[in-house]
Amino acid sequence: MDRKRWWWEFAIALFVFLIGAYGLFESLKMPTGDPHDSPGLTPAVLSAILMVLSAALMFYLLFIFKRNLKGWSLSESKGRNEGSREERLKTQRLVVFIALTVAYVALLGKIPYTLATFLYLVGSYLYFKSVKLHVAIGIALLVSLSLMYSFGHLLGVRLP
Amino acid sequence: MSYLLSILSLKVLFPLLLSMAFGVFVGAMPGLTATMAVALIIPLTYYMEPLTGLAMVIGVSFTAIFAGDIPATFLRIPGTPASGAAVLDGFEMNKKGKGALALTLDLFCSALGGLIGVLILIFTAPPLAEVALKFTHFEYFWLGVFGLSMAAVLSRGNTIKGLLSALFGLLISTIGIDVTTGYPRFTFGITELMDGVSFIPAMIGLFGISEVLKRLSFRESLDLPSVKINGKLDVLEALKLMYRNKFIIIRSSLIGTFIGALPGAGADIAAWVAYGAEKSLSGNEIGSGSPRGVIAPTSANNAAIGGTWIPALALGIPGDSITAIVLGAMLMYGLKPGPLIFAQSKDLVYQIFAVALLVQIMLLPVGWLGIKAFSRLVSLRAGVVMSAVVLFSMVGSYAIRNSVFDIWLMALFGLLGYVMEKINMPLAPMVLALILGRMIEDNLRIGLIKSGGSIIPFLTRPISLILFSLIVLTLLGPSIWKVVRKLKD
C-alpha cells in the first residue's frame, strides 16, 4: 500500500467512524420504549457496529503505516514528485467537472432546462477538448433539443 | 398451440413489436424503470382490445428488464434496478474486450430465463401462489436477511470493507419516517428525505457517476471511443457457454421465478440472490468478468417477471409495481384477476400466456437491434458519451419523484462511490443493503409487534426455519466445507 492510498483509507475509515458516532448520538435522542417500538434502536445498533469496524480498520492502518514508514526511500519520493504533476492535473479535471455539474444543477429551475443543458454540454465538451467549437455547439444543440422533445413531449417525463 | 396461432395477427403483433422497441429505449435509459415504461404505455392501450393492450404491457416489461443490462455492460450504469447485479461481471467482461459476448449471453439468458418463468407460470400458477401467500412478516424478514447475506458472499477476500459498505448502506436505509412510530429519522427537516433515500438515484450515482469520475481521471481516455465494440454478437460462443452452464440457467431461473412470485420482492432482489448463490458456489472467479456472473442474474431477472404474474393472475395480488399497474389495466378491460379468472376468461388467460412465450422469441431480434443501436452511441468519443451519461442519469433520477433533490443525491452517491472504489471498498454490498434495509427492519418490527416481542415465531415457522437454515449455510457453508476437506486430506 502506498502513502496516498493509506491516507485515503484512513480518511474514509475516520469519516465512517464519525458518521457512526453521529448516528449513535442522534439515535439515542430518539424516543425509547419496547425494542419494536423504538425508532432509534436499529440505527443505534448499526451505528455502534460501524464505529467498532471503522475503529478496527483505523487500528489496522496505523499498524501498517508504521511498518511502511521504515521502507520509505528518497528515490521513491522523487518518483512521486514527477508523478505529482499528472496527479494535480487529474484532480483539476475532476474539480472542474464537479464544478460544472454543480453549476448546471444549480441553474436548473432558474433558466429553461434546454438552455442549461446546452450550456453544460458546450462547456464540458470544450473543457475536455472532446470536439471542436462548432461541433460542440452542434452536438449540444441536438442533444438538448432531442432530450426535451423525446422525454418532455413524447414520453411525458417531467424534466428538471 | 391453438392459442399461439390465435395471437399471430397483425393487430397483435405490430403493437407488440412497437411496445418492445419502446421497452428497449426506456429500459436502456439509466433511471427510467420497467415500471415507468409500463405506466407510460398503459394510456395508449385504453381503447385497444384487452389482448392487444396486455400484449403491449407484457412486451414492454420483459424487454425493458433486458435492456437495462445494456448500459450496465457498456457503461456500468444499470438501466433498471433489476440490472444492478448484472453490472458486476458484465462490465468487467466489457473491460476485457468481451462486451459483445457478455451482451449475447445476456440476451439469450434473458430470453431463456423469461421462457422458464413463463412456463412455470403456465403450469404451476395456482399452487405456487398459495405457497407465496404463506409468507408473512416473519418469512419476509428472513428473506431480506437471506438477500443481505449475499453481501458477505460478495465481499469475500475483503471482509471488513464489505461489511462497512453493507452497514453504511443499512444505516442510510433507516433515513426517513419510521414505519411503526411515524418518527422522522435523520431527515434534517428535508421533506424529500421523509420517504427515505430514493434507491434509484443512489444506484445510478454509485455505479454510473463514480465510473464517469474515474474515466475523467485519465485525460487520454476521453479522446478514445467510450467502448470498443466490433458490433457482432458472439452467438456460437454464447451458446457453447450456455450449454456448459445449463444448470446455472435453470437454477437462477427457478430462483428468479420463486422470488418474483413473492409479493413485494421482485426482479432486482431475484437477480442479486441468483448472483450471490452463484458466487457462493463458484468462488472468487465471479466478480472478475466471469460469464457465469452474467448468466445467473440475467436469467433470474427476466424469469422473475413470469413469477410476478403468478400471484397477480391466480390471486389478484400484485407481485411487484409492474403487476400492480397491470392489475389496474385488467380491471379497466373488465377482467377480474383472481382464482376465477382461469374459469371466466380462460381463452384470454391462455392467449396472454401465448403472448408471453412469443415475447421471449421476439426478444432475440429486438434485443439484438437494441444492442446494435446502443453500441453505436457508446462508440463515440468518451468525452461526448460521458457528458450524455451524466445528462441521462440526471433525467432518470429526477423522473422518479420529480425532485431536484434526487439529482443532488445521485451526485453525492457518485462521489461516495468514487471514493469507495479508490480504496477497494466494494459497492455491491451497499446497493444490496439499500434495497433490503427497509424490508428487513420493517418486517422485523412488525413481526415483533405481532408476536408481542417474542422472536420464537421467527424461528419456529416452517418456511422461516428453511430460510434461516439457508442463511446459515450461505454464511458458514464455505468454511465448513473447507474444514471438512482439510479433515479428509
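Helices here are DSSP runs (H or I) of at least four residues, numbered from the N terminus. With that in hand, L465(B) can be placed in helix α22 of chain B. Welcome to a quick tour of this predicted model, which takes in the contact between chain A and chain B, a nonpolar patch on chain B, and the salt bridges.

**The interface between chain A and chain B**

- The contact draws on 59 residues of chain A and 56 residues of chain B.
- About 5200 Å² is buried between the two chains, and carbon and sulfur atoms give 79% of that area.
- A single cross-chain ion pair turns up, as the rule finds 1 salt bridge across this interface.
- The partners are E9(A) and K161(B), whose closest N and O atoms are 2.7 Å apart.
- Polar contacts across the interface come to 3 residue pairs, with both residues at pLDDT 80 or more.

**What chain A brings to the contact**

- Five helices of chain A each supply at least two residues of the side that touches chain B: α1 (3–29), α2 (41–70), α3 (74–107), α4 (113–127) and α5 (133–155).
- The largest share of that side, 13 residues, comes from α1(A).
- Sorted by class, the side of chain A that touches chain B has 37 nonpolar, 11 polar and 11 charged residues.

**A nonpolar patch on chain B**

- On the surface, I455(B), L459(B), L465(B), F468(B), V472(B), L475(B), L476(B), I480(B), W481(B) and V484(B) form a nonpolar patch.
- Together these residues have about 850 Å² of accessible area.
- Helix α22 of chain B, spanning residues 462–488, gives the most to the patch, with 8 residues.
- L465(B), placed in α22 at the start of this briefing, is one of the patch residues.

**Salt bridges in the whole structure**

- Side chains of opposite charge can pair when their charged atoms come close.
- Over all chains, the structure holds 15 salt bridges.
- Among them is the pair K29(A) and E26(A), with the closest N and O atoms 3.3 Å apart.
- Because a salt bridge requires a Lys or Arg side-chain nitrogen within 4 Å of an Asp or Glu carboxyl oxygen, the K29(A)–E26(A) pair at 3.3 Å qualifies.
- Both K29(A) and E26(A) belong to helix α1 of chain A, where they sit 3 residues apart, about one turn of the helix.

Methods. Residues numbered from 1 in each chain as written. Chains lettered and ligands numbered in written order. Predicted model: local features only at pLDDT ≥ 70, side-chain atom pairs only at ≥ 80, totals over all residues. Heavy atoms only, no water. Contact = heavy atoms within 4.5 Å. Buried area = accessible area lost by both parts, 1.4 Å probe. Polar contact = N/O pair within 3.5 Å; in protein donor to acceptor, adjacent residues only side chain to side chain. Nonpolar A, V, L, I, M, F, W, Y, C, P; charged D, E, K, R; others polar. Patch = residues over 30% accessible without salt bridge, like charges linked within 9 Å, V, L, I, M, F, W, Y side chains within 5 Å. Areas by Shrake-Rupley, 256 points an atom, 1.4 Å probe, with all protein chains shown as cover.
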